[in-house]
Amino acid sequence: MPLARSLSVTSLTGLEDWDDELDLENATLFEVAWEVANKVGGIYTVIQTKAKITLDEWGENYFLIGPYLEQNVRTQVELIEPPNPAIRRTIDSMNAKGCKVYFGRWLIEGGPYVILIDIGATAWSLDRWKTELWESCSIGIPWYDREANDAVLFGFLTAWFLGEFAAQCEEKPYIIGHFHEWLAGIGLVLCRIRKLQVATIFTTHATLLGRYLCAGSVDFYNNLQTFNLDKEAGDRQIYHRYCMERSAVHCAHVFTTVSQITAVEAEHLLKRKPDIVTPNGLNVKKFSAMHEFQNLHAQSKARIQEFVRGHFYGHLDFNLDKTIFFFIAGRYEYSNKGADVFLEALARLNYLLRVNGSQTTVVAFFIMPARTNNFNVETLKGQAVRKQLWDTANAVKEKFGKKLYESLLVGNLPDMNKMLDKEDFTMMKRAIFATQRQSFPPICTHNMLDDSTDPILNTIRRIGLFNSSADRVKVIFHPEFLSSTSPLLPVDYEEFVRGCHLGVFPSYYEPWGYTPAECTVMGIPSISTNLSGFGCFMEEHIADPSAYGIYIMDRRFRGLDESCTQLTSFLYSFCQQTRRQRIIQRNRTERLSDLLDWKYLGRYYMYARHMALAKAFPDNFTYEPHEPTAAQGFRYPRPASVPPSPSISRHSSPHHSETEEDDERYDEDEEAEKDKQNIKSTALMGAVPEWRKRSKKGSSEASTSSNASTPTLPSSPSDLSSPTNSLIEEKN
């Protein structure tokens, strides 16, 4: 089924800059989400990272609305008095009527204002509000669904706040309410039912029914048109949630979603085609020199290697300099996240490496939170043994150094037979004996509560990857979020990603995919699929994604076995790369980070807000959209040298890998410059939607044609090249 395009395609098209035309002085933006100052899932990352660019646009007129959760407020929010008089009067009015509404600054980049509503303080109104919801919308909420009940309370309080704010403003305000996901959707529905003067936007990051259907091993994408939606939702006991989501979608002035693949899903499951696709971005921090992020990779990799030394004590019969680290991370959805395909591909990769006599070892990490009760004793012991060996080596080194120093002071060359005495040898032998182990290194770092039914562990038992000496592929399952304070693997997630060589995300259901996006920004190659929003986005913008370290599996038009074979091929080809090839590929991957910067992707959200204003206040704003005829925007060409395997470089660099036999020339600066030149400037892109602001009297100022004035458009991404090309080959 072809992917139909929405009004805005997922390419960085030229969008007219309203900074000069749109008067934001009397406009206020409220962004509503359950994840404001409340980390639950990926929506938290979207709102947190986007806050800075939204604040730059809206300034003091930008507010986030979320739930008040004391444990989060203590660590993330600074409570203050509202500087806006209308906001202050609104909060005072609601608090006087029994509500508990708090105002503060969210302690993230930009420090946006947050309005936090304590839903527990008004829980006594739940039955009355549920009755009102049934009478006005015919949506019934069962008593046992606590999450849905919370959504009702949050929605009614949000609508109350927006209505009260409009009443407290001295002049008629232009209010935009941007609601994220079904948990905030009731507030949007109530705004429309009560006919509040609010321009509404609803963004779905993943459809409820889609996530449930994919988790049930359904052939989802080939049957989108045939599902009995009401029956499927009812069978899964989420019909009321589905109704809440669908009503919000149809009530919104503007409906957006995060990717083209989710737009197709929403069109069939929610029965409305999104008005615009708003891809998710990140705050990209560019380094002044290319070698800086390569240095970070080397440092982080060294910390992971230390953990591996302890975890595999007694079986450390492989060369860590020839060891590659793969990882998969995210919510523990075994099939949706592709853990099943990854494990099967690892088993096949293990066979290929063994039969071909490869010296490469792969350590695959699974970072997926599951139910545990504590660290595995054997895993903790491994780190203790490693530390003991380190202390022993340092003690012997210190004694050796002292004797060497004394010998050189008197002008004699040291007698090597006297440098170490029997006590030193005894100490070293005891340390060696302590590393003996009768069992294989553990697969799981924690004690699982559901060990016998855990899908990852059961699959590992079936395919036989037990970390034996004969296996070229080792598996480590870490069922907990990474933390720099962990006694086991003391690194945070960002540092861990930087230290790995490849992220593997063969998801079947992934509306966007922040994990591969984060890899790209940090210069780490990744494997994604054409069923993920990220994979589709990259396929559209890159002529040859694999040359840039973005491997995209076909899970849409291939069966499970074929997809697994393709993934195995990707993994095996990656294992055959030389160290220099991996360094070149990381350089290319990091150059793609401009595509994912909120500085550019944030314009889609600006466009959605302008569209909502035009629909909600037609007497004051108007627009004339132009349907794009082709994909336009930034397009990365095929690199000059493919695959990344040349051995000649203009810049000085360390010695080449021993296995390197390529004669192809590679120049990092030259290649980056070609990338920059081949990215189409937004000023040269095709027709853009024509936006004009009407006068406050209602007379249109849009009498001129779209060609009468040239809009101010965003510049193309910043210079992709870096001033230096130190490959620091020996460190990576």
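This is a short tour of selected strands and helices in a predicted model.

**The nine-stranded sheet**

Start by selecting strands β1 to β9. They form an open sheet of nine strands in the order β3-β4-β5-β2-β1-β6-β7-β8-β9, with mixed pairing. The edges are held by β3 (77-79) and β9 (276-277); each has a single partner strand, so one side of each is left without a neighbour in the sheet. Strands of a sheet pair through backbone hydrogen bonds, either parallel or antiparallel.

Now restrict the selection to residues 27-32 and 62-67, which are β1 and β2. These two strands pair in the parallel sense, over four bridges. To find a point of register, show Glu31: Leu64 of β2 stands opposite.

**Helices across this sheet**

Add residues 185-193, helix α6. Helix α6 lies across β6 (174-180) and β7 (198-204), and its direction is at about 150 degrees to β7. Next add residues 598-616, helix α22. This helix lies across β1, β6, β7, β8 (254-257) and β9, running at about 140 degrees to β7.

**Strand β11 and its partners**

Move to residues 361-367, strand β11. Are the residues of this strand buried or exposed? Seven of its seven residues are buried. Show the side chains to see two sets: Thr361, Val363, Phe365 and Ile367 point one way, while Val362, Ala364 and Phe366 point the other way. Both sets are buried.

Which strands pair with β11? One is β10, residues 323-329, which pairs with β11 in the parallel sense over seven bridges. Select Ala329 and then Ile367 to see one pair of bridge partners, with Ile367 on the β11 side. Another is β14, residues 473-478, which runs parallel to β11 and is joined to it by six bridges. Here Ala364 stands opposite Val475 of β14.

Add residues 339-355, helix α12, to the β10 and β11 selection. β10, α12 and β11 together make a right-handed β-α-β unit.

**Helix α18**

Finish at residues 514-521, helix α18. This helix is mostly covered, with seven of its eight residues buried. The buried residues are Tyr514, Thr515, Pro516, Ala517, Cys519, Thr520 and Val521. Then step just past the end of α18 to Gly523, where the backbone takes a positive phi of about 75 degrees.

How values were computed: Residues numbered from 1 in each chain as written. Predicted model: local features only at pLDDT ≥ 70, side-chain atom pairs only at ≥ 80, totals over all residues. Heavy atoms only, no water. Buried < 20%, exposed > 50% of the residue type's maximum accessible area, 1.4 Å probe, protein only. Pairing = 2+ DSSP bridges. Right-handed = clockwise from strand over helix to strand, strands pointing away. Contact = heavy atoms within 4.5 Å. Axes fitted to C-alpha atoms, helices over the stretch in contact; angles between N-to-C directions.
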